[in-house]
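Student: I've got a fold open on my screen and I'd like to learn how to read its sheets. Can you walk me through it?
Tutor: Sure, let's put it up and go strand by strand.

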Amino acid sequence: MNHNDTHISSQQIFLTSKHADQIYSKAECIFYLDTPIAPPRGTRILMSITDFEIPYSFYTINSTNDKLKFTGYTTINLEHGNYNVNSLISFINTELDTVASNITASYITNQNQIRFVSNTAAISLDTGVSTCLFEIGFEEDDTQSNTTIQGTNGMNLAGIPNIYIRIKNITTANLDSKGQLASTLAKVNVNVNPLEYIFYVPQHPVYQTINETQFNNLHLSIEDEDGNKLELNGQFWSITLSIHYQIQRQPNLVIDDEIKNEEEAKK
């Protein structure tokens, strides 16, 4: 398919967050264009991602999921980083020695669950403060109150499965899980190990029809599936956007009366 059927040359925009004009965070930047993208009247803009590169520098435990609190006890602040079950439980137990020495955490291997045991009174999780419930296998509405409480789900320290590239100042026709219009340009699988590079080169680029008739900046944000901006720990990312131009054609409208007349003529 020829995505560009006008006399206007296609363009590629090479962007790196290191050279962004406005930086809200390492994951959210605005790039200003000296020459606006403004095709002539009767022409629409098509946009696609040619490639995207980002280091796997973000952590499994970050500012969105770093709190653990038992009712009546001081909040434990989990150190940001990547953990396996053993290292996380070891860290929690070290902190419990300070804030709640009567509580001990252990790992139930055959169930992939965490268990907390108190050698004194019953304990419960403060689900209103704790933000790591998903990672340690507890429900957000957990109501257990006993000397032993255990996660109802398996622990999940695998980190985020996907990265979402979102554009904040341009409207696309993409939909989210609720069927609502989304600003997502692409979902990128996290298929490498931490400290490696994630490379995204779509085999069949999807060309988004842009509703705006012109724009002079690109406001990009790199997020997880919940809309949280990735904490990249000082690292940068890059992206190449392809711009094509297409003649805006009127849709073919079929009038009901014409259909009826054709059916009558066949009788």
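Student: Let's start with a pair. In which sense do strand S7 and strand S8 pair, and over how many bridges?
Tutor: One thing up front: this is a predicted model. The general idea is that strands of a sheet pair through backbone hydrogen bonds, either parallel or antiparallel. Here, S7 (residues 103–108) and S8 (residues 113–118) go antiparallel, with six bridges between them.

Student: Which residues could I click on to see that?
Tutor: Try Ile108, which sits opposite Gln113 in S8. Then look at Ser106, whose bridge partner in S8 is Arg115.

Student: How many residues lie between S7 and S8 in the hairpin?
Tutor: Four residues separate them. Have a look at Asn112 in that turn too, since its phi is positive, at about 55°.

Student: What is the order of the strands in the open sheet that holds S7 and S8?
Tutor: Read it as S7-S8-S9, three strands with antiparallel pairing. S7 and strand S9 (148–150) are the edges: each has a single partner strand, so one side of each has no neighbour in the sheet. From one strand to the next, the twist averages 20°.

Student: Which helix lies across S7 and S8?
Tutor: That's helix H1, residues 85–99. To read its direction, compare its axis with a strand's: H1 runs at about 170° to S7.

Student: Now the five-strand sheet. Which strands stand at its edges?
Tutor: Take the order to begin with: S2-S3-S14-S10-S11, an open sheet with antiparallel pairing. The edges are strand S2 (22–25) and strand S11 (184–189); each pairs with a single strand, so one side of each is left without a neighbour in the sheet. Ignoring direction, neighbouring strands here are turned by 20° against each other on average.

Student: How many bridges join strand S10 to strand S14?
Tutor: Four, linking S10 (residues 162–167) with S14 (residues 215–223), and the two run antiparallel. For a concrete pair, find Ile167 and its bridge partner in S14, Leu220.

Student: Last one, a single side chain. Is His244 buried or exposed?
Tutor: Go by relative accessible area: under 20% is called buried. His244 comes in at 14%, so it is buried. You'll find His244 in strand S15, residues 238–247.

Student: And which side chain does the His244 side chain make a polar contact with?
Tutor: With the side chain of Ser10, at 2.7 Å.

Note on methods. Residues are numbered from 1 along each chain as its sequence is written. This is a predicted model: local features need pLDDT of at least 70, side-chain atom pairs count only at pLDDT 80 or more; totals for chains, interfaces and linings use all residues. Side-chain values use heavy atoms; hydrogens and water are left out. Buried means under 20% relative accessible area, exposed over 50%, partly exposed in between (1.4 Å probe, protein chains only). A polar contact is a pair of N or O atoms within 3.5 Å; within protein, one must be able to donate a hydrogen and the other to accept it, and residues adjacent in sequence count only if both atoms are side-chain atoms. Two strands pair if DSSP finds at least two bridges between them. Axes are lines fitted to C-alpha atoms, for helices over the stretch in contact, and angles run from 0 to 180 degrees between N-to-C directions. Contact means heavy atoms within 4.5 Å.
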